[in-house]
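Welcome, and please load the model in your viewer before reading on. We will go from stop to stop, with a selection to make at each one.

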Amino acid sequence: ERDLAASFGTFAVPGAVNTLYPGEDVEVRYRLNELGPRTDEFETDSYNLLAGFNGFLGDWDWELAAGKSKIDTLNTGKSGYTTEADVEAAIASGELNPLGTSPGFNPQSISYTTTREGESELSQADFKVTGALLETRHGVVQAALGAEYRDERYSEQFDPVTESGDILGIGGVSGDGGRDVSAAYAEFSIPLLSNLELQLAGRYDDYSDFGNTFNPKLGIRWLPRDNLLLRANAGTGFKAPALHELYSNEIVSFEKVFDPVVGELVEVPTVASGNPDLQAEESENYTMGLVWDVTRDWDLGIDYWRIENENAVTSAAQFYVNNTNLYPDSVLRVSDLGGPTDDIIVIFTEFQNVAAQKLWGIDLDTGVDWRTDKAGQYRFTLAGTYLGAFEQEPVEGAGFVDLAGKDGRPEWRAQSALLWN
């Protein structure tokens, strides 16, 4: 369950019921505290059915599996919601007085229960085999081969009044979509020396809505000492937009953003929507690091990583506020309509491709064990990430801006635990 601030809006007050300026027709911006907070109730039902077989074929292991999963969600606006038409009717009848007191007003007379139903389905099947491909003087070449198929479906249904846009503080238009994906992959582990291993992998994906792509990966593992592993990887990636990023229609909500024009953190209406013209995200990634058993009781892992991607998808309201010069139609202000202030009226947050992003960071993972004769065994762990850069270029040619440490992207993030057995 979730509680939000009471609904608000701009309403016409006829002169006949204007107790503050009798006889004058006025418009007022009014928060309907009489209705109380907007209370939403969330209900989720999930189903997952999976069946599989495995066996041996000579020196090879094989596995075949198929499954189906489904998630049904229901978001019910239990209280605090109403329509603009009902509010103005209550004002016109004199039952509700936004310019004074309303002793005879019954909030239930204008209350409306909203509904938003969502459904996502995934049907999938996969087959894979693993085993020894051949033997060399330095060891056995291991291989893994596989194929996958997925069918994805998505739908979202709002109640008719919410879909019409008449509900205060919320809105949305129903939408649906689907796709199927076929894939095949191969992985090889090749011993070059007794303590040096080369890893080769490749994956081919064919999307019904985004065409096909091939992404290779190259890795190397070196054990210079029994307690020290050095590793490095390089590869490419491909990520098709999620179905709701493509096919969802307009959904009204409220978000907090920092508005550099007025210099304040403000809560404003946003209108999110899918974008069928989105491009798939493509990336290049590199990692290098080590795993070191420093002592019998102390282990340490450090990895440097770097990711460069194109066409990452975002719909963050702050992104549009920060880049108003590039998306001038996405942020509507009072001054745009000839008003006296620069307050934001609404932000249109259509899912959008970001031209490019460059990220790098360092991951640390360490643990210490100690044992006692009478108080059991203990283990202290620490895992952390340093974000060195999060450079983003909104559109090609606009230049990169480093967002590390800003807008919910902390430079440092860590967690620790003390375990007792």
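## Stop 1: the largest pocket

The largest pocket holds about 830 Å³ of space. Keep in mind as you look around that this is a predicted model. To find the middle of the pocket, select Phe 8, Arg 29, Phe 254, Pro 269 and Ile 345, which are the closest to its centre among the 32 residues that line it.

Now colour the strands around the pocket. Strand 2, strand 3 (26-31), strand 13 (251-259), strand 14 and strand 18 each supply at least two residues of the lining. Which strand gives the most to the lining of the largest pocket? That is strand 14, with 6 residues.

## Stop 2: strand 14 and the open sheet

Stay with strand 14, which covers residues 264-273, and pick out Val 266 in it. Leaving aside residues up to four places away in sequence, Val 266 touches Glu 255, Lys 256, Val 257 and Asp 259. For a sense of scale, draw a distance from the C-alpha atom of Val 266 to that of Ser 208: the two are 58 residues apart along the chain and separated by 41 Å.

Next, show the whole sheet. It is an open sheet of 5 strands in the order 8-13-14-18-17, with mixed pairing. Its edge strands are strand 8 and strand 17 (331-333), each of which pairs on one side only.

Zoom in on the strand 17 edge. Strand 17 pairs with strand 18 (residues 344-350) in the antiparallel sense, over 3 bridges. Select Leu 332 and you will find Val 346 of strand 18 opposite.

## Stop 3: helix 1

Select residues 84-92, which make up helix 1, and highlight Val 87, Ala 90 and Ile 91, the buried residues there. Why do these residues sit on the same side of helix 1? They cover an arc of only 100° around the axis, so they share one side of the helix.

Add strand 2 (8-13) to the view, and you have what the buried residues of helix 1 pack against. After helix 1 comes Gly 94, with a positive phi near 85°.

## Stop 4: Ser 174 and its surroundings

Move to the loop between strand 8 (171-172) and strand 9 (175-193), where Ser 174 lies. Is Ser 174 buried or exposed? Its relative accessible area is 14%, and because the cut-off for buried is under 20%, Ser 174 counts as buried.

Show the side chains to see two polar partners. The side chain of Ser 174 makes a polar contact with that of Gln 157, at 3.1 Å. A polar atom of the Ser 174 side chain also lies 3.0 Å from the backbone nitrogen of Phe 158. Without counting residues up to four places away in sequence, the residues that Ser 174 touches are Glu 156, Gln 157, Phe 158, Glu 163 and Asn 249.

## Stop 5: the cavity

Keep Phe 158 selected, since it is one of the residues lining the largest cavity. Add the others: Asp 40, Asn 75, Gly 77, Thr 114, Thr 115, Arg 116, Thr 162 and Ile 170. The volume of this cavity is about 40 Å³.

Two elements give two or more residues to the cavity lining: strand 5 (60-79) and strand 6 (114-136). The largest share, 3 residues, comes from strand 6.

## Stop 6: along the antiparallel strands

Those two strands are worth following further. Strand 5 and strand 6 pair in the antiparallel sense over 18 bridges, and Thr 76 stands opposite Thr 115 in strand 6. Strand 5 also pairs antiparallel with strand 4 (residues 38-57), over 19 bridges. There, Thr 44 stands opposite Thr 73 in strand 5. Strand 4 and strand 5 form a hairpin with 2 residues between them, and Gly 58 in the turn has a positive phi of about 65°.

For the last selection, take strand 10 (residues 196-207) and strand 11 (residues 211-225), which pair in the antiparallel sense over 12 bridges. A hairpin joins them through 3 residues, and Arg 203 has Asn 215 in strand 11 as its bridge partner. Then continue to strand 12 (residues 228-239), which runs antiparallel to strand 11 and is joined to it by 7 bridges. The hairpin from strand 11 to strand 12 passes through 2 residues, and the bridge partner of Leu 218 is Ala 234 in strand 12.

Notes. Residues are numbered from 1 along each chain as its sequence is written. This is a predicted model: local features need pLDDT of at least 70, side-chain atom pairs count only at pLDDT 80 or more; totals for chains, interfaces and linings use all residues. Side-chain values use heavy atoms; hydrogens and water are left out. Helices (H or I, at least four residues) and strands (E, at least two) are DSSP runs, numbered from the N terminus. Buried means under 20% relative accessible area, exposed over 50%, partly exposed in between (1.4 Å probe, protein chains only). A polar contact is a pair of N or O atoms within 3.5 Å; within protein, one must be able to donate a hydrogen and the other to accept it, and residues adjacent in sequence count only if both atoms are side-chain atoms. Contact means heavy atoms within 4.5 Å. The arc is that of the directions from the helix axis to the C-beta atoms. Two strands pair if DSSP finds at least two bridges between them. On a 1 Å grid over the protein atoms alone, a cavity is a set of points where a 1.4 Å probe fits but cannot get out, and a pocket is an open set with protein on both sides within 12 Å along at least five of seven lines; lining residues have an atom within 4 Å of a point. Grid points are joined across faces, edges and corners, and a volume is the space filled by probe spheres set on the points.
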